[in-house]
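Here is a short briefing to keep beside you while you look around the model. Please have the sequence and the 3D view open side by side.

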Amino acid sequence: MATGKTYTTRPIATLGAAAALWLLINALADGFSVVLTLIDLSILSRLPSDVRVGFFDPIPDASGVLDVTGLGRLPVIIVYLATAFITLKWIYRASRNAHALGRGLDSDPPWVVGWFFVPIAMLWKPFEGMSETWRVSQDPEAWKRVALPGVMRVWWGFWLVSMVAGNISFQITRRVETIGGVTTATAFEALSALAGIVAGLALRHIVLTVSTRQTDKIHTSVF
């Protein structure tokens, strides 16, 4: 969906460092989320699985620990939103620079970000855009011949697992009727967080590598 618009390079080192920092913070937050879900699963395992509960019903936990772990998810959500904002901004900037450095790219910078929010297409289109960004950052002249490293596929594979598991957890929670349903939703939440750690760290490596390559090429083109 390239528009043919002409782009100019913009500095990316500072934005890349910020995105890398937030991705690391988010990975730690995901680790904290895993701990919370494991605590929840431990408590839920002691309750009869057939006890009926609704979406807005309190879970019969006399210890009150589930209330605390529920509140503990709030900072995790805040960190996730902040990380998403900074990282998507970096993705746009990196794609913009790739268009300025190379020729013949198919993915337009706004859509490299926009595809993350389009149902179905979000399963592969963002990866296509990021793949072009990676290739051009390595070799602007012959980018189509640049092979993708394994870290790109690790990032996208674990991102898909995290996204799908998180959505399953949400859908089960919306329709929950028993403690058993809550337990299943929490297990998928834990899987989503675990996959998110791997995806986030892989993306952090990608961000740092692309930022370094583009900074070098921008400086070379200037001098």
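The notes below start with the whole chain and then go through helix packing, the nonpolar cores and a few single residues.

This is a predicted model. The chain has 6 helices and 0 strands, so a search for sheets can be skipped, given that helices and strands are taken as DSSP runs. Two helix pairs, α2 with α4 and α4 with α5, are a good place to begin.

**The chain as a whole**

- Going along the sequence, you will meet the pattern α-α-α-α-α-α.
- Along the principal axes, the C-alpha atoms fill a box of roughly 70 × 30 × 25 Å.
- The chain has 223 residues, and 44% of them count as buried.
- Among contacts with a separation of 6 or more, 77% are accounted for by residues 24 or more positions apart.

**Helix α2 against helix α4**

- Helix α2 covers residues 65-101 and helix α4 covers residues 125-138; their axes come within 9 Å and cross at roughly 50°.
- An angle of this kind falls in none of the parallel, antiparallel or perpendicular ranges, and α2 and α4 are therefore oblique to each other.
- The crossing of α2 and α4 is left-handed.
- On the α2 side, the contact is made by Trp90, Ile91, Ala94, Ser95, Ala98 and Leu101, which meet Met130, Thr133 and Val136 of α4.
- By class, the residues of this α2 and α4 contact are 7 nonpolar, 2 polar and no charged.

**Helix α4 against helix α5**

- The axes of α4 and α5 are 11 Å apart, and the two helices pack at an angle of about 160°.
- Angles over 145 degrees count as roughly antiparallel, which makes α4 roughly antiparallel to α5.
- The crossing of α4 and α5 is right-handed.
- From α4, Pro126, Phe127, Met130, Ser131 and Trp134 take part, meeting Met152, Arg153, Trp155 and Trp156 from α5.
- The contact of α4 with α5 divides into 7 nonpolar, 1 polar and 1 charged residues.

**The nonpolar cores**

- The largest nonpolar core holds 26 residues, and those that touch the most other members are Trp90, Ile91, Met130, Met152, Trp155, Leu203 and Ile206.
- At least two residues of this core come from each of α1 (13-44), α2, α3 (109-114), α4, α5 (150-174) and α6 (179-222).
- The largest share of this core is supplied by α6, with 6 residues.
- Another core, of 7 residues, lies apart from this one and includes Ile43, Leu44, Val53 and Val182.
- For a look inside the largest core, pick methionine 130: leaving aside neighbours within four places in sequence, methionine 130 is in contact with Trp90, Ile91, Val112, Met152, Trp155, Leu203 and Ile206.

**Buried residues to click on**

- Threonine 133 is found in helix α4, and at 1% relative accessibility it counts as buried.
- Not counting residues up to four places away in sequence, threonine 133 touches Ala94, Ser95, Ala98, Val210 and Gln214.
- Threonine 83 lies in helix α2 and is also buried, with a relative accessible area of 4%.
- The contacts of threonine 83, again not counting residues up to four places away in sequence, are Trp22, Leu23 and Asn26.
- Alanine 19 sits in helix α1; its relative accessibility is 0%, so alanine 19 counts as buried.
- Beyond its neighbours within four places in sequence, alanine 19 is in contact with Ile86, Thr87, Trp90 and Val207.
- Between alanine 19 and arginine 52 there are 43 Å in space, C-alpha to C-alpha, and the two are 33 residues apart in sequence.

**An exposed loop residue**

- Where is isoleucine 120 placed? Isoleucine 120 is in the loop between α3 and α4.
- Isoleucine 120 has a relative accessibility of 59%, so this residue counts as exposed.
- The phi of isoleucine 120 is positive, about 70°, although the residue is not a glycine.

Methods:
Residues numbered from 1 in each chain as written. Predicted model: local features only at pLDDT ≥ 70, side-chain atom pairs only at ≥ 80, totals over all residues. Heavy atoms only, no water. Axes fitted to C-alpha atoms, helices over the stretch in contact; angles between N-to-C directions. Helix = DSSP H or I, 4+ residues; strand = E, 2+ residues; numbered from the N terminus. Parallel < 35°, antiparallel > 145°, perpendicular 65-115°, else oblique. Left-handed = near helix turned anticlockwise from the far one by under 90°. Contact = heavy atoms within 4.5 Å. Nonpolar A, V, L, I, M, F, W, Y, C, P; charged D, E, K, R; others polar. Core = buried A, V, L, I, M, F, W, Y, C linked by side-chain atoms within 4.5 Å. Buried < 20%, exposed > 50% of the residue type's maximum accessible area, 1.4 Å probe, protein only.
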